[in-house]
Amino acid sequence: MSEAVDDFLVVGAGPAGTSAALALAEAGCRVRLVDAGTARISLPPPGDFASLRAADAVQWMWQIGAAYTALAARPGTSPKLRVPGFRSIFDGYAEANRIVGEDGFHVVGALAAGGLSNAWGCGVAAFDDEELDELGVAGRAQMRTSYARVATRMGISGASDDALTSLAGVDEWAEPGVELDALHARLWARRERLAHGPLRLGRARVAVITRPRAGREACDLSGMCLWGCARRATWSAALDADALAGHPGVRLDAGHVVERLLRDGDAWRLECSTRDGPRVLRARRVLLAAGTLASTRLALAALASPPREVRMLSNPMAAFLLLLPAALGEPRGRAFGLAQLAFAIEDARLPRAFGNLFSTAGLPLSEFLEHAPVSRAAALPLFRRLLPATVVANMFLPGEWSSHRVALDAEGALHVRAGFAEGLDGALAGLRGLLAPSLRRLGAWMLPGSFVAGVPGADIHYAATLPIRAHPGAAHECDVDGQVAGLPGVYAVDGASLPVLPAKAHTLSLMANADRIARGLAGRGAG
Amino acid sequence: MSRVLAVTGANGYIGRALVGRARPAWQVVALGRRAVPGCTLRACALDAPFDPAVLEGVDAVVHLAADTTGTSVAAGSEVAFATALAAAAQARGIPLVVASSQVASPSAPSAYGRTKAAIEAAVLPLGAIVIRPGLVYGGEPRGLFGMLVTACRRLPVLPDLRPRPAVQPVHVDDVADAMLAALDRPWLRGRALAVAGRPLAFGAFLEAIARHRLHRPRPRMPVPIAPLRLALALASRLLGPALSPARLDSLVRIPQVDARDDLAQLGIVLRPLEAGLTPGRARRALLAEGDRLAHAFLRRPAGGAVLRRYARALPALGIADADAALARLPCIALPAIDTPRARQRVGAAAWRVGVLLRLAEADPRLSSAFLVGERAGLARFALDVLRAVQFEIAARLLRPWARRRLGESS
């Protein structure tokens, strides 16, 4: 069973894997892209949320699911994880990749082409020079090129001259944002009141298109973002996976879970399990993009003497509700369902924080009733009045406020132990104390009891287990080219190799990093 | 568009259940000789060469057809059929689930068990997922379960076999759900998974059938196995092979399995035996429960569609029964049971409220309860605040009493 040896093999067809594979293919390299999933998300019918709610007789099929999936999912997590159409992509990631969450760590991953970006919040931002310090001058310059390539390919919007322009750092590639709904327009109109305060408000920069492109329609404010965009206005790596499938230099193998990496002469052997039984692939260069946790497991298990445990970063998060009393009783119009506005907090006494504000228009009321402090018989008549005047917010803290630990066990499974930095609760309380009065100046009241910290891992921003270092010390660190120190020819190109995890959207950066590493490899050839 | 599922043996005991569970998410094509309600038919037979063209346009296959008596179809042609089917599914890149049995073993006492072992050996390398159900029960009294129900109905006392063999009963709908779940789990391909309940003495299983299914509790009488085997040998001569001693042996010599890991892989929670044996009664109780919750929390009738979903959703989530204590509380006291903490426990009364509300909100007839009309004035808003306060006060006043009522029964 001697397979030919591939020059380049990319593991995983999520945002990182497709970015790397596209960069290699465009440079004329032959690439094999393997992905575990064969399923695709199922999209809801076209139309806007309000009309579908009023008219679609079988709407329970996309809201609850024929197998009642939405009711079974765990509480305390994002409503995205309960959407039945996404079930096929989230299911089985931890089992297939042998990942075990401990101490309450919530493991989320996706097996389908497109990876987690099938159901992401679409937030985009570029890391600044300080955040990319480990990459050195040349690496940072390459990242600039890669950011431009990736952002232009996705189509992003939200450009605006505001308090977050430099923090987001993507406006040169972005279109103006989608139209704000009435609630967000109210907040936005009062942004001058925040001048000189610690709270900075800006437009959300998101990977959603406001003008049609090949095979995709512009956002029409259907409010269906949570359930899946039938117009494909929101970007997902599944779009790139489709493009790659038609590329002559690319071979896409679906339904392959890579079990193990073994050194084999001057190449690597990849033991895969597939629907047709075990299969062995061989490649000279392996690019790991299976999702931070799966990539980390493969890399650690391949090391001759793996570290006992390594640190993993994620963004500790919280969520809360804002009521705009002045908007009570106003009719609800069409609204974009992902982030419309974003905020950052800069205060010397507190950690930096970044957050987004969302419309509640596309969310079921029963999601909110679940958290009512009183009986739902009483909460229902009240909540249905309040919700149309309510905005949801999330907030992320820098990755250094997390201290998750990952370690291999004797059977080769990866255990993720949840941990947060000392003082996180105090920091969150401080941020809440600062947010509430600042937001009141905008005419928004934080609803009492609505501020909730996320369960560990619920942010799904897992990163920096195989971090890029200018001078890699430990065996599991990567050099600037993304090569894992102890594994010549193995490159970590997903969240695993991000050097840091600041309080901002990180997907664009891991895509740009994958693009940068792959272009570097293509330039040097398969040698 | 729903995906297309081809099923062999769709007319059988598991087949009928599978078709019912698969739709409407799947459009079902029956591969067989006889039409099946709700399915389109494509001609196919176990003892004829398999024609891969029957899989045209099919997205997944479940192979259930088998000769359960081990006599009417040559074992060789059953194996050949399964192998050809698996090869065709593999060539098309579509998932295939093959029904086997807990008794599948090259050294099984029955031809049935040996044939199943040969089929497993042939289809697993071709990427099929093999499901090995325990003793399948529930629903229509068919298959081995049908025979046991008939026996329990006719016999004045229930045989308590000695030494006590253990069976691992599994509800036919749970088996069907497991097979459907397997179709969407490509990483399970090439594996055999057990779908079986916890071991239970055979006599206790018969007693459960008599008590819960037939509502006729019967005394148990110890019956040593050896003479019974002799009697069956005689009976099979007179009545045909359905009562052969081999059939008894495959019952008393079942290898026990721990199916917990496999069930977890499939995401299946088995329903309790008692609930599985009383489907009609449990379903009626769930329908009534959903209706009372709708009156209490939405102050309007839920309507048939939402109630039917409620009565299906709970068993699908591993909750087979209505909450007996909840049924005894008057409607006016139901809001009292809904506290934030009580909602967290799956199956608790307050958790059931959440299920009903989610289902109601996803129904166009009831969704208005969750929305407000255009331009609601301040007066209406004030009215709603008053209503909310009034409901909460009532709930709090009634809570100690409701808790006592709930506590008494648990």
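**Exercise 1. How much surface does chain A expose, and what share do carbon and sulfur atoms supply?**

Solution. The model is predicted; local features need pLDDT of at least 70, side-chain atom pairs count only at pLDDT 80 or more, and totals for chains, interfaces and linings use all residues. Residues are numbered from 1 along each chain as its sequence is written, chains are lettered from A and ligands numbered from 1 in the order in which they are written, and side-chain values use heavy atoms, without hydrogens and water.

- Step 1. Chain A exposes about 18700 Å². The method is Shrake-Rupley with a 1.4 Å probe; for residues, only the protein chains shown count as cover.
- Step 2. Carbon and sulfur atoms supply 53% of that area.
- Step 3. Turn to chain B. Its accessible surface is about 18200 Å², with 58% belonging to carbon and sulfur atoms.

**Exercise 2. Describe the build of each chain.**

Solution.

- Step 1. Count the elements. Chain A has 15 helices and 20 strands. These are DSSP runs numbered from the N terminus: helices (H or I) of at least four residues, strands (E) of at least two.
- Step 2. Check the packing of chain A. Its radius of gyration is 22 Å, close to the 24 Å from the globule rule for 527 residues, so chain A is as compact as a globular protein of that length. The radius is taken over C-alpha atoms, and the rule is 2.2 Å times the number of residues to the power 0.38.
- Step 3. Find the buried share. In chain A, 61% of the 527 residues count as buried. Buried means under 20% relative accessible area, exposed over 50%, partly exposed in between (1.4 Å probe, protein chains only).
- Step 4. Repeat for chain B. It has 16 helices and 13 strands. Buried residues make up 51% of its 410 residues.
- Step 5. Add the spans of the C-alpha traces along the principal axes. Chain A spans about 70 × 55 × 45 Å. Chain B spans about 80 × 55 × 35 Å.

**Exercise 3. Which parts of chain A does the pair of A:Phe105 and A:Tyr462 tie together?**

Solution.

- Step 1. Start from the search. It finds 13 aromatic pairs over all chains. Rings of Phe, Tyr and Trp (its six-membered ring) pair if their centres lie within 6.5 Å; planes under 30 degrees apart count as stacked, over 60 as edge-to-face and the rest as tilted.
- Step 2. Classify the pair. A:Phe105 and A:Tyr462 are tilted, at 5.3 Å centre to centre and 50 degrees between the planes.
- Step 3. Place the rings. A:Phe105 sits in the loop between strand E3 (99-102) and helix H7 (136-154), and A:Tyr462 in the loop between strand E19 (452-453) and strand E20 (490-492), so the pair ties together parts 357 residues apart in sequence.
- Step 4. Check burial. A:Phe105 is buried at 6% relative accessibility. A:Tyr462 is buried, also at 6%.
- Step 5. Take another pair. A:Phe320 and A:Phe451 have centres 5.7 Å apart and planes at 15 degrees, so they are stacked. Both are buried.

**Exercise 4. Inspect the backbone at A:Cys122, B:His215 and B:Pro163.**

Solution.

- Step 1. Recall the background. Most residues other than glycine have a negative phi, and most peptide bonds are trans.
- Step 2. A:Cys122 has a positive phi of about 70 degrees. A:Cys122 lies in the loop between E3 and H7 of chain A and is buried at 1% relative accessibility.
- Step 3. B:His215 has a positive phi near 55 degrees. B:His215 is partly exposed, at 49%.
- Step 4. The bond from B:Arg162 to B:Pro163 is cis, with omega near -5 degrees. B:Pro163 lies in the loop between strand E8 (158-162) and strand E9 (166-167) of chain B.
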